[in-house]
Every structure is written in structure tokens, then in C-alpha cells.
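This report describes the interior, the strand pairing and the ligand surroundings of one structure. The model is a predicted one.

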Amino acid sequence: MITNNSRWCRSPAAKPDCGGGSDIVIALVVAVAQNGVIGRGGKLPWRLASDLKLFRRLTMGKPIVMGRRTWQSLPKSPLDGRDNIVVSRDPNFTAKGAYLVTDCAAALVLGRRLASERGVGEVAVIGGAALYEEVLTHAQRIYWTSVHGCPEGDTKFPEFDLRGWGTVSEEPIPKGPKDEFEATLKVLERLPDGLIKRPQFGPNDPVTARDS
Ligand SMILES: NC(=O)c1ccc[n+]([C@@H]2O[C@H](COP(=O)([O-])OP(=O)(O)OC[C@H]3O[C@@H](n4cnc5c(N)ncnc54)[C@H](OP(=O)(O)O)[C@@H]3O)[C@@H](O)[C@H]2O)c1
């Protein structure tokens with residue numbers, strides 16, 4: 001069990017303290033409905049076998065970082081073929097077969113170290129909303145499955161400013177027999193500062209990925 005109490009760092013200058021000095025990319029992997037919903041009652045709010053297959057392909061072999069609630073939502077844990085890293089503030093929580101850390105900075109440092117040892121280029125942050133929100137400022141890539149539907153739910157992806165991100169690829173995920181919805185996989189990359197598009201409307205208007 002790892003109980004690293006290092007502080008979560010927020011400023012860009014502090015990124016190296018979060019293990020940011022290496023070439024290893026922090027990537028979010030998420031499926032989001034058109035209304036921003038990602039979860040319901042502690043579970044996924046849809047049946048999407050094709051996206052689960054895609055999730056497996058995108059994360060296989062990589063360290064995966066998740067919040068305690070997402071860990072508890074897994075039908076079978078740990079997820080095989082991947083280093084599972086679970087974040088919880090509860091020092092008494094146990095997660096059999098996973099690394100347990102008490103803050104996000106420790107999760108990223110550990111994830112980067114494991115990725116480096118395994119020779120993989122990414123740490124995959126797989127949710128849920130609390131973890132995405134905490135890690136977003138440190139992410140360079142987002143594998144964003146846009147789910148073509150508006151299911152009811154109680155957990156949403158946090159709002160974020162799309163202007164700092166570019167879509168580098170987009171591919172349809174056709175609706176198979178075990179899918180409730182069609183979907184599209186978009187790969188978003190954080191833009192270098194100089195390339196960020198300036199707003200063409202009020203500077204305080206939020207631009208969110210919910211509209212995409
Ligand atoms: N659609 C998708 O792609 C997707 C992906 C993943 C999850 N989900 C869904 O999202 C929902 C779960 O998301 P959630 O936001 O409720 O929970 P979550 O992010 O999975 O877990 C939250 C928990 O993580 C721990 N945590 C969060 N930030 C922390 C920090 N800075 N330091 C230490 N511990 C921290 C806390 O655990 P303790 O309370 O133990 O301290 C917190 O209660 C479920 O419905 C799940 O199915 C959807």
C-alpha cells in the first residue's frame with residue numbers, strides 16, 4: 001500500500017513535482033453523453049459493449065488511475081493486464097490487487113514510474129468525475145467517447161474550456177447489437193499555449209465540451 005501524502009500541485013511551474021518531467025503522457029479516458037452525463041447510481045448509465053471493448057484496447061498494458069467509487073463500480077477488479085491505482089482519502093480502505101494512494105499527485109507519480117518501467121507512453125486516468133476534475137490540468141490527451149444520447153444520470157464530466165484543446169482524430173463507433181447508442185471516439189490533445197484560439201465572444205463565456 002502506498003500512502004504518499006505529497007500535496008496535489010496546481011500551478012504549471014509545479015508540474016515536475018507531480019512526475020511531469022518525463023515524456024509520459026497523462027491521458028483521460030472517458031465516455032460522455034450529449035448532456036454531460038457519465039454515471040448513474042455508481043454505475044455507467046448505458047449499455048455500450050463497443051465502448052467497453054475500445055476502453056480495454058486504449059488502456060491495456062498501461063497504469064490506470066481511478067477514484068475509489070469507480071474502483072467499487074468495476075464488475076471485476078482489478079482490471080487485468082493493467083496496473084490499477086486507486087485514490088482514496090481513507091487510509092483504512094483496501095483495494096485488493098491495486099495500488100492504493102491517498103492523493104492524486106501520488107497517483108500520477110506512481111503511474112509515471114510504472115509506465116516507465118513497463119515501457120508504455122501513457123498513464124490512463126479512467127474516472128470518475130472527481131478524478132477527472134482533479135487531474136484535468138495535468139492531462140495532455142483525452143480519449144473522449146461522445147455518446148449520441150441523453151441518458152439520465154447523477155454524475156457529469158466537469159466543465160472545461162475546449163479552447164485549450166484540439167481534436168486530432170475522430171472515428172465513428174457504429175451501434176452494435178449490445179449497444180444502446182451510437183458513439184464517436186474523439187482524441188483531444190492539449191494545445192501549446194501559442195496555438196490556443198482566443199475567444200470570439202465574451203472572455204468569460206464558458207465553452208464546454210458538453211456541446212460537442
Ligand atoms: N462514463 C465514463 O467514462 C465513466 C468513467 C468512470 C466512472 N464513471 C462513473 O462515474 C461515477 C463515479 O464517479 P465519482 O465522481 O462519483 O467518483 P470517483 O471519482 O470514481 O471517486 C471519488 C472518490 O475518489 C477519492 N478521491 C477523489 N479525489 C481525491 C483526492 N484528491 N485525494 C484523495 N482521494 C480522492 C475519494 O475517495 P474516498 O471517499 O474513499 O476518500 C472520492 O470519494 C460512477 O457512476 C461511475 O460509473 C463513468
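Which residues have the most contacts inside the largest nonpolar core?

## Nonpolar core

The largest nonpolar core has 52 residues, and those with the most contacts inside it are A27, L28, V65, I85, A107, V123 and V125. Helix α3 (residues 104-118) contributes the largest share of this core, 8 residues.

One of the residues with the most contacts, A107, touches V65, I85, V87 and V101, leaving aside residues up to four places away in sequence.

## Strand β1 and its partners

Strand β1 spans residues 25-33, and 7 of its 9 residues are buried, so the strand is largely enclosed by the rest of the structure.

Two strands pair with β1 in the parallel sense. With strand β6 (residues 122-125), β1 forms 4 bridges; within β6, A124 is the bridge partner of A27. With strand β7 (residues 141-147), the parallel pairing of β1 extends over 7 bridges, and here Y143 of β7 stands opposite V29.

## Ligand surroundings

Which elements each supply at least two residues of the shell around the ligand? They are β1, β2 (37-39), β3 (64-67), α2 (68-73) and α4 (129-135). Strand β1 thus appears both in this shell and in parallel pairing with β6 and β7.

There are 30 residues around the ligand, of which G39, G67, T70, G127 and G128 come nearest. By character, the shell residues divide into 13 nonpolar, 10 polar and 7 charged.

Note on methods. Residues numbered from 1 in each chain as written. Predicted model: local features only at pLDDT ≥ 70, side-chain atom pairs only at ≥ 80, totals over all residues. Core = buried A, V, L, I, M, F, W, Y, C linked by C-beta atoms within 7 Å. Buried ≥ 20, exposed ≤ 12 C-beta atoms within 10 Å, placed from the backbone. Contact = placed C-beta atoms within 7 Å. Pairing = 2+ DSSP bridges. Near = placed C-beta within 6 Å. Nonpolar A, V, L, I, M, F, W, Y, C, P; charged D, E, K, R; others polar.
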